[in-house]
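Hi,

Here is the structure I said I'd pass on. Have a look at it first, then read my notes below.

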Amino acid sequence: LGVADRPKMLESNHRVVRGDPSPLPNTPCWAEYMHAHDDDFRCPNPVGHHGYSRRLSSVHTIHHFTELVHQGNTQKLLDLFMLIGRHWEAHYKTMSRTTIACNRVTCPRDQIDDYFLFELQRSRWLPAQIGDTWIAPLSPRQIWFLSETDPQDVRALVPTLPATLRPSEYRDFITALRFASSGAASIEDYVQLLRLLPERYPVIPSELPESEHRRWQRSLAAVFNWICERIQTGLVSRGETLPDSPTDLQLLAYQGDSPSYVALGSPELVYANDNFLAERWSDRCMFLRINDDWRTLLDWLHVPDLTTVIQSEWQLLGELIEESQQLQAIFDTTLPYFLALIKHTQPANYDRLIPRLLRLNLHVVKKLSTTEWLLPVSEAEPIISEVEVHLATREEPNPGAGRRSVIAGDLYIAKDAATNLDLLGNY
């Protein structure tokens, strides 16, 4: 009857050259495929200087695959996965790779992924689960294999492949699809997961009662920070060879205690590197809440520190000399305890902070106030406020006769706050 027990493949043996349109119908990933393999079309022969002279020997796609993706029928897509997986070794695997070669037969030739496999890797066709809940189809790059050591919130919220699609007979097919794995994921894999957060995880999910919103947001924050930590680790391990910074991300940020997704590059998106300044700007800025030590990630994302986008004018009224001397003496006496606390709680910052604390001068003043502007939003009204403490940094000549200057500071304290040692300790 001409009926097969597996999905039909369409094949073209047209010799595709760089820039050619697809030789097959219904291939929506073709432009992306050609872009991904653009360098492969260049002949590597250093003698001939043949340029982009290579051609693909064949192109394949699954018949009606695009229609199945558009329909989004979970059961049909599950059946498709299982049929391909069941016949992968005997039938489809040989079509998942294609030869690319120069039109001169003496030049080297290579094997690359066929369009058929590329389309399976990039299209949103695989039903996935979040916890025990089925969700709309995703691409394999958006579906994760997690381990028992990953945080519970991550295992509860990150999309995974259903257990029904993971029997041993599908192992080689699953490997070919290149799912993301927390044990071997790249920076790009984690960036893909960040892109998925605003789409799949609203900060206020409509299906949950209001009493559950805070718990949900804490779980969402845990997943976001797990992703950020993995990206930070990946960036540090790469050293100087960092990937290009993404420009199309939305990050989880906070105005006060209210989270929302904020686009990279938004003027209000900043990192709160000064807690006292952050208190005054908590209702005007969106703060990225991540670990203080993840400086590589912050620089890569180009998220500025709050102190770099705030312009301040300080008004210091009358230094009280006797009180300043008394407070300086107390500070000098307790400095070893401060250093011990820093070494215990911030070991990564210990060596950096020792010389700064040794060069810190304290000043008690009658009154301390500031006028502040957010620089990227020049039309915004300034904030005028009385404050209790202000740290002004300065540079001093290096006593070791080195070329670089050293950082010193002056801590100004309003008279009414001078006896609040907890406040000063926190600062």
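**Confidence, and what's in the fold**

Confidence in the protein bottoms out in helix H15 (residues 421–426), where the mean is 62, and peaks in helix H5 (residues 115–122) at 98. Keep in mind that this is a predicted model. The average pLDDT for the protein is 90, and 96% of the residues reach at least 70.

If you like counting elements, you'll find 15 helices and 19 strands in the protein.

**Overall shape**

How does the radius of gyration of the protein sit against that of a compact globule of 427 residues? The globule would come out near 22 Å, but the protein has 29 Å. Measure along the principal axes and the C-alpha trace spans about 100 × 65 × 45 Å.

As for the inside, 44% of the 427 residues are buried. Of the contacts with a separation of 6 or more, 67% are between residues 24 or more positions apart.

**Surface and charge**

The protein has an accessible surface of about 23,300 Å², and carbon and sulfur atoms make up 50% of that. On the charge side, I get 41 positive and 55 negative side chains. The centres of those two sets are 8 Å apart.

**Two residues to click on**

Start with Gln129, which you'll find in strand S7 (residues 126–130). Is Gln129 buried or exposed? Its relative accessibility is 15%, and the cut-off for buried is under 20%, so Gln129 counts as buried. Setting aside residues up to four places away in sequence, Gln129 touches Trp134, Ile135, Val158, Pro159, Thr160, Pro162 and Ala163.

Next, go to Leu78 in helix H3 (residues 74–86). Leu78 has a relative accessibility of 10%, so by that cut-off of under 20% Leu78 is buried too. Which residues is Leu78 in contact with, leaving aside neighbours within four places in sequence? They are Pro127, Trp134 and Leu165. Trp134 is worth a click as well, since the name turns up in the contacts of Gln129 and in those of Leu78.

One last thing to try is the distance between Leu78 and Pro44: they are 34 residues apart in sequence, and their C-alpha atoms are 41 Å apart in space.

That's what I have for now. Shout if anything is unclear.

Cheers

Terms used
Residues numbered from 1 in each chain as written. Predicted model: local features only at pLDDT ≥ 70, side-chain atom pairs only at ≥ 80, totals over all residues. Heavy atoms only, no water. pLDDT = per-residue confidence, 0-100. Helix = DSSP H or I, 4+ residues; strand = E, 2+ residues; numbered from the N terminus. Rg over C-alpha atoms; globule rule 2.2 N^0.38 Å. Buried < 20%, exposed > 50% of the residue type's maximum accessible area, 1.4 Å probe, protein only. Contact = heavy atoms within 4.5 Å. Areas by Shrake-Rupley, 256 points an atom, 1.4 Å probe, with all protein chains shown as cover. Lys, Arg positive; Asp, Glu negative; His and termini not counted. Charge placed at Lys NZ, Arg CZ, Asp CG, Glu CD.
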